[in-house]
Amino acid sequence: MIKPMMNRIIAFFLALFVSIQPVYALDGKKDWSNDPSFHPFLYSQEDNQLIINFEFKNVNPVSGDQASINLPVEYMEFKDTTEEYIYAYQKDSNESTDEVLGKVKIDNGEAIITFIDSDLDYIDYKGQFTVEGSFRNQNNASSSVIWYMNDLTTEELELPQNNNEDHSSEQTGPKNNGKAESEDSEIIEDENSQNEELDSSVNNKEDESSDLSNETSNSSVTNVDNQEEDSQEIEKDEAENSNTNGNNEKEDSINLLADEASVKYQTHVQTYGWQSTVSDGATSGTSGQAKRLEGIKINLGDTGYSGGIQYRTHVQTYGWQGWKQNGELSGTTGQAKRLEAIQIKLTGELANHYDIYYRTHVQKFGWLGWAKNGESSGTSSYAYRMEAIQIVLVKKGGVAPGDTSNTYKTQLVTYQTHVQTYGWQSTVSDGATSGTSGQAKRLEGIKINLGDTGYSGGIQYRTHVQTYGWQDWKQNGTVSGTSGQAKRLEAIQIKLTGDVANYYDVYYRVHVQTYGWLGWVKNGDKAGTEGMAKRTEAIQIQIRKKGDTSIKTSNGYLGTDRIGSLKYSVNSSSYGWQSEKTNGATAGTTGQSKAINGIKISIDNNSGNLYSGTVNYKVNFSHSGWTDIYSSGQEVTSTNPMLAIQVSLTGEMNKYCDIYYRTHLAHLGWLGWAMNGQSAGNSSKSGNQVEAIEIKIVPKGTVVGSNSGYYREYASDLEQTANEINNSLGRDLRAAFNYSKSITYSRYEPADNNAYGSANYASYGFSRHRGNCYVMAAVFTYLARDLGYDAHQVGGYQGSYNTPHSWVEINMNGTIYVFDPDFEKELGRNGYMFTYGTSGTLKYHSYSRMN
């Protein structure tokens, strides 16, 4: 107990020292071995094989940097090796890439990694490599121990049990438990003796060769009398490796041949190496052990016909390899690469007389259905391993050995998106949603890959990115968009290339801010928005065969190029109808006192993939009021000048666009921008004629200008303010008087003479709500006028001291009444509605009206 404890104490202080003082390699490059940003871990342990991964946190090493990982030399023996490449794997899906992150070698019990330049970001990828060792011959009290990979990281190492048994006859494959030989039995070192035993069970003939690759015409022959015995043997073999497929098909339903034709095959299995040769529907490989097939050899017995057998495999990283034949190796050995799918076919005259059937046992899916004559069996684009295979010859037209559906699984298209806050999400496929909805998170980047369609070609895509616009076309897993720049994707185009484009269509749709899911588009059409500052939030992509009409395309793109051409023209006094103007141009005149007395507006959207809908408008003419609604270029005219206008959209135009417009009024100039049916201009109370107009159609949400100050009920700001205040007071004269009286009194502020002007006094009082008697009188004058009274501000003097003073006169049915809010405020006497000379009021003299 003391020694392990001391080791841990030393390791602790060493880790503490490393965290304080970084270690650098002798050549000046950094040593990451014990840096907290470098994280090694045990990905999996399979017998004597350790698969080790490593990741970096928020940093990237540079070329020449190194890191070492301690191997569990106390429990295992490792041979020194030369450097081998380390390939990059995606962190989220563990899918391998062709990118190399560095090299690794085993040296004196350490895995020493040297990093090299890579275009990949270590933040998104991890390195993975395999170490082979052998456990020491010792008794293990426990099933696992702690493995110190470096000073900061530990893992649990599983130990083999029953190591106290005799190891002198230990073999590399699974143990033979005394049962009849099957696909899961050990590889017998003397293959000649094995073949003799196999042949004796058939017809007591010796094989002329024990090597599968040399078997041609002398392979074993099965006769009719032994068919039942062979079938029972296969049933026994398969019972030991049973795994039910989607149809719960029993493996004892394999239909074996009853004549001389025979197929033999041998697989290379992870950990175990080459297994024994099996034939005619027997299982080669394993099930339930999570062991990948890595290579295969297939050969034929003497069929009596010319021709042979060809086969090719889909291999991890490499994809479909070239065709092999007659016992040649397809796949790999010593590279830890899984087989994922296989195609097998007969050639020559033999193909006219026999069908070849085969099925595979695949990770997660189990046994798939029976494929035949060159069809694909297994998977691609899932990164799933083949674990076992069965192959059988059937006479042409004979019954298949089992269910022939569900033979091959492939993801026709896979894709991955970079999402705001979350980063790269997990890869999804074939119509699944990548991204989010309801979280207001933008897509920032995307990678798309085409699965195995059976045709040459690829997939291309480009994105419309905030600020940058449309980027260049990318293809086959390259990033389109950005990451780390906080730029939203706004639209995307996707298309197939090469031969595959003749047989398949690519469909896609996006979820967009404000609008949700838009419609499906296909084959390079735009999906999303453009010019609307809207983020895409999610995407779905599907590949369908040509002629498949199950997906209906619809409105999947919103953009400025879908807006039709806006045109408008005005009829100006003296000039008549002017030439047509387009989006935002000025129609009419300014500075010439020429009123508009007619207008027509239209949208040309009858061609191409443009938004449907029309433009409606109605006009307020002086003396005649508002007209009915006009649309689509209809002329609306009057002999009177235009005072105001309302413009709106219908249909898709209304759903996806805004229409802005503003007017230029006589004496007032340009008002603010009205939109979508608001009144732009002024009322008859103001009475200023419209002399010019500008109109724009933009994608919904686009801001043209301030949507305020676009309509005036009154000619001046004072009148507008008085109207708004009276509305808040209930439009009552006494309430207006009290409002004026409530102004905070301040003598001499801003002045106390008629020359300052009633309008200036009123503006001062409305904006500051403080001032002298002139301010109070001016505010009340404008409030009373808004209520319809004939009110005038008066300035003069009061009392024998000739004090400057101001009050209000209102003519009511020929009688002049005095309203003095300051008198009532300061003296507390009635100042509301009395005649000159009334007892108890001020002595007013030397006065005159100010307005």
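These legends walk through a set of close-up views of a predicted model.

**View 1. W32 and F56, ring against ring.** Here the rings of W32 and F56 pair edge-to-face, with 5.2 Å from centre to centre and 90 degrees between the planes. W32 belongs to the loop between α1 (2-20) and β1 (38-46), while F56 is part of strand β2 (residues 49-56), so this pair ties together parts that are 24 residues apart in sequence. Both partners are tucked away: W32 is buried, and F56 is too. Step back a little and you'll find that the two rings have company, since ring pairs link W32, F38, F54, F56 and F115 into a cluster. For the wider picture, the structure holds 26 aromatic pairs.

**View 2. F365 meets Y382.** This is another edge-to-face pair: the ring centres of F365 and Y382 are 5.4 Å apart, and their planes make 85 degrees. Look for F365 in the loop between β22 (354-362) and β23 (366-367), and for Y382 in the loop between β25 (376-380) and β26 (386-395); the pair therefore ties together parts that are 17 residues apart in sequence. F365 is partly exposed, at a relative accessible area of 27%. Y382 is partly exposed as well, with a value of 23%.

**View 3. Two lysines sitting over rings.** In one spot, K441 places its charged end over the ring of Y422, 5.6 Å from the ring's centre. In another, the charged end of K495 sits over the ring of W473, and here the distance to the centre is 4.2 Å.

**View 4. Inside the largest cavity.** Searching the whole structure turns up three cavities of 30 Å³ or more. The one shown here is the largest, with a volume of about 50 Å³. Its lining is made by L443, I446, T463, L489, A491, I492, V510, T536 and I539. Three strands give two or more residues each to that lining, namely β32 (443-450), β37 (489-497) and β42 (536-545). The top contributor is β37, with three residues. What sort of residues face this space? By class, the lining has seven nonpolar and two polar residues, and no charged ones.

**View 5. The second largest pocket.** This pocket offers about 1400 Å³ of space. A total of 43 residues line it, and those closest to its centre are E95, S96, N449, N476 and G477. To find your way around the walls, look for β6 (96-107), β17 (309-315), β18 (319-320), β28 (413-419) and β32, the elements that give two or more residues to the lining. β6 supplies the largest share, four residues. Sorted by class, the lining of this pocket has twelve nonpolar, 21 polar and ten charged residues.

**View 6. D505 and K546 shake hands.** The structure holds 24 salt bridges, and this view picks out the one where the side chains of D505 and K546 meet, 2.6 Å from N to O. The bridge links distant parts of the chain, 41 residues apart, with D505 in strand β38 (residues 504-512) and K546 in the loop between β42 and β43 (557-559). Are the two ends buried or exposed? D505 is buried, with a relative accessible area of 5%. K546, on the other hand, is partly exposed at 41%.

**View 7. D658 and K700.** These two side chains form a salt bridge, 2.8 Å from N to O. D658 lies in strand β54 (residues 657-665) and K700 in the loop between β58 (690-699) and β59 (711-712), so the bridge ties together parts that are 42 residues apart in sequence. The aspartate, D658, is buried, with a relative accessible area of 5%, whereas K700 is partly exposed, with 23%.

**View 8. R662 and E694, strand to strand.** In this salt bridge, the closest N and O atoms of R662 and E694 are 2.9 Å apart. R662 comes from strand β54 and E694 from strand β58, so the pair ties together parts that are 32 residues apart in sequence. R662 counts as partly exposed, at 21% relative accessibility; it clears the cut-off because buried means under 20%. E694 is buried, with a relative accessible area of 10%.

**View 9. A salt-bridge network.** The last view shows K526, E530 and D561, which are joined into one network by salt bridges that share partners.

Methods. Residues are numbered from 1 along each chain as its sequence is written. This is a predicted model: local features need pLDDT of at least 70, side-chain atom pairs count only at pLDDT 80 or more; totals for chains, interfaces and linings use all residues. Side-chain values use heavy atoms; hydrogens and water are left out. Rings of Phe, Tyr and Trp (its six-membered ring) pair if their centres lie within 6.5 Å; planes under 30 degrees apart count as stacked, over 60 as edge-to-face and the rest as tilted. Buried means under 20% relative accessible area, exposed over 50%, partly exposed in between (1.4 Å probe, protein chains only). A charge sits over a ring if NZ of Lys or CZ of Arg is within 6 Å of the ring centre and within 35 degrees of the ring normal. On a 1 Å grid over the protein atoms alone, a cavity is a set of points where a 1.4 Å probe fits but cannot get out, and a pocket is an open set with protein on both sides within 12 Å along at least five of seven lines; lining residues have an atom within 4 Å of a point. Grid points are joined across faces, edges and corners, and a volume is the space filled by probe spheres set on the points. Ala, Val, Leu, Ile, Met, Phe, Trp, Tyr, Cys and Pro count as nonpolar, Asp, Glu, Lys and Arg as charged, and the others, Gly among them, as polar. A salt bridge is a side-chain nitrogen of Lys or Arg within 4 Å of a carboxyl oxygen of Asp or Glu.
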